[in-house]
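Reader: I have a sequence and a model open side by side, and I would like to learn how to read such a model with care. Could you take me through it feature by feature?

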Amino acid sequence: MGTLAETGRPERKLTRKGQETRHRIVAAAAQLMYERGVTEATLEDVRSAAGVSGSQIYHYFADKQALLLAVIEHQTEAVLDRQQSLFADLDTLEGLRRWRDALVEYQLRLQCRGGCPIGSLGSEVAQTNPEARLAAATGFLRWEAAIRSGLQAVHDRGDLDGDPEELALATLAALQGGLLLTQLQRQVRPLEVALDAMLAHIASHMRRP
């Protein structure tokens with residue numbers, strides 16, 4: 001007997017067509033939940049946006065909760081994938097600044113709309129859906145770990161006297177606060193100020209050349 005996947009159904013290997021259909025459903029649900037919120041995005045809306053039948057949705061997902069968990073994973077992967085090439089260079093101040101610039105530029109392209117996809121979902125489900133809250137929290141832990149990895153490398157070289165774990169958590173917290181205010185104010189200045197302050201703090205703990 002197979003193990004249970006996030007769908008709530010026994011895990012099974014999907015055909016290529018099945019993978020594509022499942023991905024289309026998750027991507028459509030992610031966009032709708034991002035734009036309207038989890039509650040307002042109905043399974044009927046997802047069915048229509050994905051161009052599938054209701055039976056196809058239930059073939060891959062036992063219920064809306066299973067689809068929501070898949071959406072959180074999808075959004076986490078999307079957020080981290082966009083930054084993957086930058087994470088490798090977070091072991092230098094220059095690399096941290098390039099990461100900061102890329103985050104600001106991305107918000108400019110979005111016209112400061114939407115905020116953080118993981119944070120938006122997480123804040124909506126935090127009080128009412130423990131399983132989804134944990135999934136979103138896990139996404140943030142992965143993000144924090146990617147930041148921490150670069151800072152840990154600086155620390156291991158002897159060029160950082162601060163705690164990489166605390167600095168990474170503070171950096172992610174500053175980023176999330178900056179993204180929320182940027183979304184509300186429709187300008188990137190809050191994100192710029194939050195990240196610049198955090199990078200200045202990190203720089204103050206770095207050994208001068």
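Author: What follows is a conversation that goes from the overall chain to single residues. This is a predicted model, in which local features need pLDDT of at least 70 and side-chain atom pairs count only at pLDDT 80 or more, while totals for chains, interfaces and linings use all residues. Residues are numbered from 1 along each chain as its sequence is written, and side-chain values use heavy atoms, with hydrogens and water left out.

Reader: How many helices and strands are there in the chain?

Author: Helices and strands are taken as DSSP runs numbered from the N terminus, where a helix is H or I over at least four residues and a strand is E over at least two. By that reading the chain holds 9 helices and 0 strands, and the pattern along the sequence is α-α-α-α-α-α-α-α-α. The C-alpha trace spans about 60 × 40 × 30 Å along its principal axes.

Reader: What share of the residues in the chain is buried, and what supplies the area that the chain exposes?

Author: A residue is called buried under 20% relative accessible area, exposed over 50% and partly exposed in between, with a 1.4 Å probe and protein chains only. Of the 209 residues in the chain, 43% are buried. Accessible areas come from the Shrake-Rupley method with a 1.4 Å probe, and for residues only the protein chains shown count as cover. The chain exposes about 11300 Å², of which carbon and sulfur atoms supply 53%.

Reader: Which residues have the most contacts inside the largest nonpolar core?

Author: A nonpolar core is a set of buried Ala, Val, Leu, Ile, Met, Phe, Trp, Tyr and Cys residues joined through side-chain atoms within 4.5 Å. The largest one here has 62 residues, and those with the most contacts inside it are Ile 25, Leu 67, Trp 99, Trp 143, Leu 175 and Ile 202. Helix H4, residues 64-87, gives the most to this core, with 11 residues. A contact means heavy atoms within 4.5 Å, and, not counting residues up to four places away in sequence, Trp 143 touches a list of residues that includes Val 79, Phe 87, Trp 99, Cys 116 and Leu 175. Across the chain, residues 24 or more positions apart account for 70% of the contacts with a separation of 6 or more.

Reader: Where is Leu 96, and is Leu 96 buried or exposed?

Author: Leu 96 lies in helix H5 and counts as buried, at 1% relative accessibility. Leaving aside neighbours within four places in sequence, Leu 96 is in contact with Asp 89, Leu 90, Leu 151, Leu 199, Ile 202 and Met 206.

Reader: Glu 144 carries a charged side chain by name; is Glu 144 buried or exposed?

Author: Lys and Arg count as positive and Asp and Glu as negative, whereas His and the chain ends are not counted. Glu 144, found in helix H7, residues 130-156, is buried, because its relative accessible area is 9%. Beyond residues up to four places away in sequence, Glu 144 touches Glu 165, Ala 168, Leu 169 and Leu 172. As a comparison case, Asp 45 in helix H2, residues 43-50, is partly exposed at 25%, and outside its neighbours within four places in sequence Asp 45 is in contact with Leu 32, Arg 36 and Glu 40.

Reader: Why is there no bond between the sulfurs of Cys 112 and Cys 116?

Author: A disulfide is a covalent bond between the sulfur atoms of two cysteines. In the search used here, a disulfide is a pair of cysteine sulfur atoms within 2.5 Å, and the whole structure yields 0 disulfides. The sulfur of Cys 112 has its closest cysteine sulfur in Cys 116, and the two do not bond because the 14 Å between them is too far. Cys 112 is buried, with a relative accessible area of 4%, and Cys 116 is buried too, at 5%.

Reader: Which residues other than glycine have a positive phi?

Author: Among them are Gln 111, with phi near 60°, and Arg 186, with phi of about 55°. Gln 111 is in the loop between helix H5 and H6 and counts as exposed at 55% relative accessibility. Arg 186 is in the loop between H8 and helix H9 and is partly exposed, with a relative accessible area of 42%.
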